[in-house]
Amino acid sequence: MSSEPSPCCHVVAVPYPGRGHVNPMMNLCRLLSSTANVLVTFVVTEEWLGFILGSEPPPPPGIRLASIPNVIPSEVGRAGNFSGFLEAVYTKMEEPFERLLDRLEPPASAIVADTYLPWAAEVGNRRGVPVHSLFTMSATYFSALYSLERQLAAADGDVAAYDVGKADEPLAKYIQGHAPLKLADFRSVLAAGKPLELALQALSTVRKADSVLFTSFYELEARVFDALRSNIPVPVYPVGPSIPYMLLDEKRTVVKPSGSAAPDYVEWLDSQPDGSVLYVSLGSFLSVSGAQMDEIAMGLSLSGTRFLWVARSESSRLRETVGDAGLIVPWCDQLRVLGHASVGGFLTHCGWNSTLEGVFSGLPMLTFPIFWDQPIDSRLIVDEWKIGLNLRGGVGTEEGGGVVVVGREEIAGVVKRVMDLEGDESKAMRRRAAELRSAARRAVEAGGSSSTNLECFIRDFMGNVA
Ligand code: UDP
């Protein structure tokens, strides 16, 4: 169902330039354009315009694409220089975005911007346009970072107060209300220097926004959402799990993922027994060392479990190592794979989108967090929801460095525990994963918490622009 453009309601959406941000922003825009009579202009750099036009399904007629020049380093190079990339995003996009905003017809009635674009609130304030912030990571991470920002502001930015040497200390000792988190989970954030400074700047500007939306859903992080609602001076709307809108039909009922032609890996999955395949992906841009990749390959082969592994640039080398023990592809339609009957487990780097997609698919997970918010998501998966096991001894927060942090024997052992369909430990994880899967689906279906939150957001938002 597409909507008629309405001059009085024109949302300008601007995502952070990364796949884990562009996809959920597009999903939100699909929801907005199909649920309400809203025209959306989706603003990305030229490079991202190419990626979006080449992806499925194409944006519906209610969403028009607009681009600003490629003012930031290429998507491909950003993993190598996270700090430089983030700095460029903070300083170089504002001016071309504001120029574009001035030219748009009809004029923007609201901006929906990724939280990691702190300048968007300034632009909105200057132009008198309301700004809504979309946070595409966990609410737990947001809340911890938000509290940290408040505390650091009070302590003149003294990060040393958080003694990262005491890795096993509960984070709750420093930041109230984060029961399962350990200081170690925050180590790569606290040690990040410039990126931490920039992340805190982003969180501080949320107070200037008109509301903050989350790709999570209320039931998944209920305590954190309750706390956020009393701590943040703007409305909080959890509207996830953020999944491609094609998975909901017109009645907002979840439907099975489908695709026009089945790629080779789907045919391969079709030929495997139910629940027997482990899907392995370490995300779209961070990576671990070549030596660690080899160790993962050996561990997977040793486990005797069949696997489908997305390993971008290294796929041909790794294919030689694993032989026919599993299938290695450079890219796949992840949600479709996770929903396939033969897939029985997910080895993930714990990016928030992947975490939500794993929850939505009801799969037990093996966690291999690399950096930033990923150790926090891993802690939620393993210790809060109890639907997975950690592969990095609980502390692995190295920045994809050149070392092996987990050996093949250990990897093989954990893979066997999670994929043992008859084992009590695996059965218990699967039972809880199935409960969360139902909760995730209920949340997005008509009458569910996220569906209701989206309606409230639209009502409040329309009230403000009318
Ligand atoms: N993804 C995909 N195919 C792949 C690998 C990743 O479709 O082969 C998608 C995945 O479904 C998720 C996104 O890319 O939606 C990755 O986002 P996430 O937050 O998990 O991790 P990031 O790559 O941003 O670290």
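**Figure 1. Pro106 sits in the loop between helix 4 and strand 4.** This is a predicted model, and the close-up here is on a cis peptide bond, the one that joins Glu105 and Pro106. Its omega comes out at about -10°. Helix 4 covers residues 94-103 and strand 4 covers 110-114, with Pro106 in the loop that links the two.

**Figure 2. Gly240 and Pro241 are also joined by a cis peptide bond.** Omega for this bond is near 5°. As for where to find it, Pro241 belongs to the loop between strand 7 and helix 10, the latter being residues 264-270. Strand 7 itself (236-238) is an edge strand of a 7-stranded open sheet, which gets its own view next.

**Figure 3. Seven strands make an open sheet with parallel pairing.** Read across, the strand order is 3-2-1-4-5-6-7. Strand 3 (63-68) and strand 7 (236-238) are at the edges, each with pairing on one side only. From one strand to the next, the twist averages 25°. Zooming in on one pair, strand 5 (residues 131-135) and strand 6 (residues 211-214) run parallel and are joined by 4 bridges. Leu134 has Leu213 of strand 6 as its bridge partner.

**Figure 4. Helix 5 (residues 119-127) tucks five named residues into buried positions: Trp119, Ala120, Ala121, Val123 and Gly124.** What do these buried residues pack against? Three of the partners are strands, namely strand 1 (10-14), strand 4 (110-114) and strand 5. The others are helix 3 (82-92), helix 4 (94-103) and helix 8 (194-205). Just after helix 5 comes Gly128, with a positive phi near 70°.

**Figure 5. A second view of sheet structure: 6 strands in an open sheet, again with parallel pairing.** Here the order goes 10-9-8-11-12-13. The edges are taken by strand 10 (326-329) and strand 13 (388-390), and each of them pairs on one side only. Twist in this sheet averages 15° from one strand to the next. Within the sheet, strand 8 (residues 277-281) pairs with strand 11 (residues 343-348) in the parallel sense, over 5 bridges. Ser281 finds its bridge partner in Thr348 of strand 11.

**Figure 6. Helix 14 lies across strand 8, strand 11 and strand 12.** Strand 12 covers residues 365-367, and helix 14 runs at about 160° to strand 11. On the way from strand 11 to helix 14, the loop holds Cys350. Phi of Cys350 is positive, near 70°, and this residue is not a glycine. Is Cys350 buried or exposed? With 29 other C-beta atoms within 10 Å, Cys350 is well past the cut-off of 20 or more, so it counts as buried.

**Figure 7. Helix 14 (residues 352-361) meets helix 17 (residues 424-444) with axes that come within 6 Å.** The two axes cross at roughly 105°, which means helix 14 is roughly perpendicular to helix 17. On the helix 14 side, the residues in the contact are Val359, Phe360 and Ser361. Helix 17 brings Leu436, Arg437 and Ala440. Sorted by class, that gives 4 nonpolar residues, 1 polar and 1 charged.

**Figure 8. Trp372 is another residue with a positive phi that isn't a glycine.** Its phi is about 60°. Look for Trp372 in the loop between strand 12 and helix 15 (374-384). Trp372 has 23 other C-beta atoms within 10 Å, so it is buried.

**Figure 9. The whole chain, with a stretch at residues 394-401 where pLDDT stays under 50.** For that stretch, the model has 20 contacts beyond four places in sequence. Over the chain, pLDDT averages 86, and 86% of the residues score at least 70. The predictor gives the complex an ipTM of 0.99 and a pTM of 0.92. In all, the chain has 18 helices and 13 strands, and buried residues account for 47% of its 466 residues. Of the contacts between residues at least 6 apart in sequence, 68% join residues at least 24 apart.

Terms used. Residues numbered from 1 in each chain as written. Predicted model: local features only at pLDDT ≥ 70, side-chain atom pairs only at ≥ 80, totals over all residues. Axes fitted to C-alpha atoms, helices over the stretch in contact; angles between N-to-C directions. Parallel < 35°, antiparallel > 145°, perpendicular 65-115°, else oblique. Contact = placed C-beta atoms within 7 Å. Nonpolar A, V, L, I, M, F, W, Y, C, P; charged D, E, K, R; others polar. Pairing = 2+ DSSP bridges. Buried ≥ 20, exposed ≤ 12 C-beta atoms within 10 Å, placed from the backbone. pLDDT = per-residue confidence, 0-100.
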